[in-house]
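Got the viewer open? Load the model, keep the selection box handy, and we'll go from ring pairs out to the whole chain.

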Amino acid sequence: QVQLLESGGGLVQPGGSLRLSCAASGSIFRLTVMGWYRQAPGKERELVARAFSGGFNDYADFVEVRFTITRDNAKNTVYLQMNGLKTEDTAVYFCHALHKSGPVSDARDYWGQGTQVTVSS
């Protein structure tokens, strides 16, 4: 089992910045992907950014160049630095991890409980 603990959400004015953190704990063998999704009221959950264990990062188009995802593999932690926040970035942000429990096991999805990000003046 893997647990994901998020932190860093809050209220920020348009144009401001926030940094989200997500630490994975438990019986960790290999976190193949760690990333962030978000869900706004009345909308489906969507990918924001993800970081692969091989070093490749992937971003949603709406991120443009405003957000940066980084991983600290030694700490099993992923970060999302969000700059230039817009009101439309308001959502619950969920940490996601794809974890393999062994070298030949299938990967399994894990989710954090979410952290609220509100962008408002």
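Start with the aromatic side chains: there are 2 aromatic pairs in this predicted model, where rings of Phe, Tyr and Trp (its six-membered ring) pair if their centres lie within 6.5 Å. Planes under 30 degrees apart are called stacked, over 60 edge-to-face, and the rest tilted.

Select Y37 and W111. Their ring centres sit 5.0 Å apart with the planes at 70°, so call this one edge-to-face. Now colour by strand: Y37 belongs to strand β4 (residues 30–39) and W111 to strand β10 (residues 107–111), so the pair ties together distant parts of the chain, 74 residues apart. Switch on a surface and look at the cover. Y37 counts as buried at 18% relative accessibility, while W111 is partly exposed at 38%. (Buried is under 20% relative accessible area, exposed over 50%, partly exposed in between, with a 1.4 Å probe and protein chains only.)

Next, select F52 and F56. Which class does this pair fall into? Its centres are 5.6 Å apart and its planes at 45°, so the pair is tilted. F52 is partly exposed, at 27% relative accessible area, and F56 is exposed, at 52%.

A word on the bookkeeping before zooming out. Residues are numbered from 1 along each chain as its sequence is written. Since the model is predicted, local features need pLDDT of at least 70 and side-chain atom pairs count only at pLDDT 80 or more, while totals for chains, interfaces and linings use all residues, and side-chain values use heavy atoms, leaving out hydrogens and water.

Now show the whole protein chain as a cartoon. You'll find 0 helices and 11 strands (DSSP runs numbered from the N terminus: H or I of at least four residues for helices, E of at least two for strands). Trace only the C-alpha atoms, and the principal axes span about 50 × 25 × 25 Å. The radius of gyration, taken over C-alpha atoms, is 14 Å, which agrees with the value near 14 Å for a compact globule of 121 residues; that rule is 2.2 Å times the number of residues to the power 0.38.

Colour by burial next: 40% of the 121 residues count as buried. Then turn on contacts (heavy atoms within 4.5 Å). Of those with a separation of 6 or more, 53% come from residues 24 or more positions apart.

Last stop, the surface: about 6500 Å² is exposed, with carbon and sulfur atoms supplying 49% of it (Shrake-Rupley method, 1.4 Å probe).
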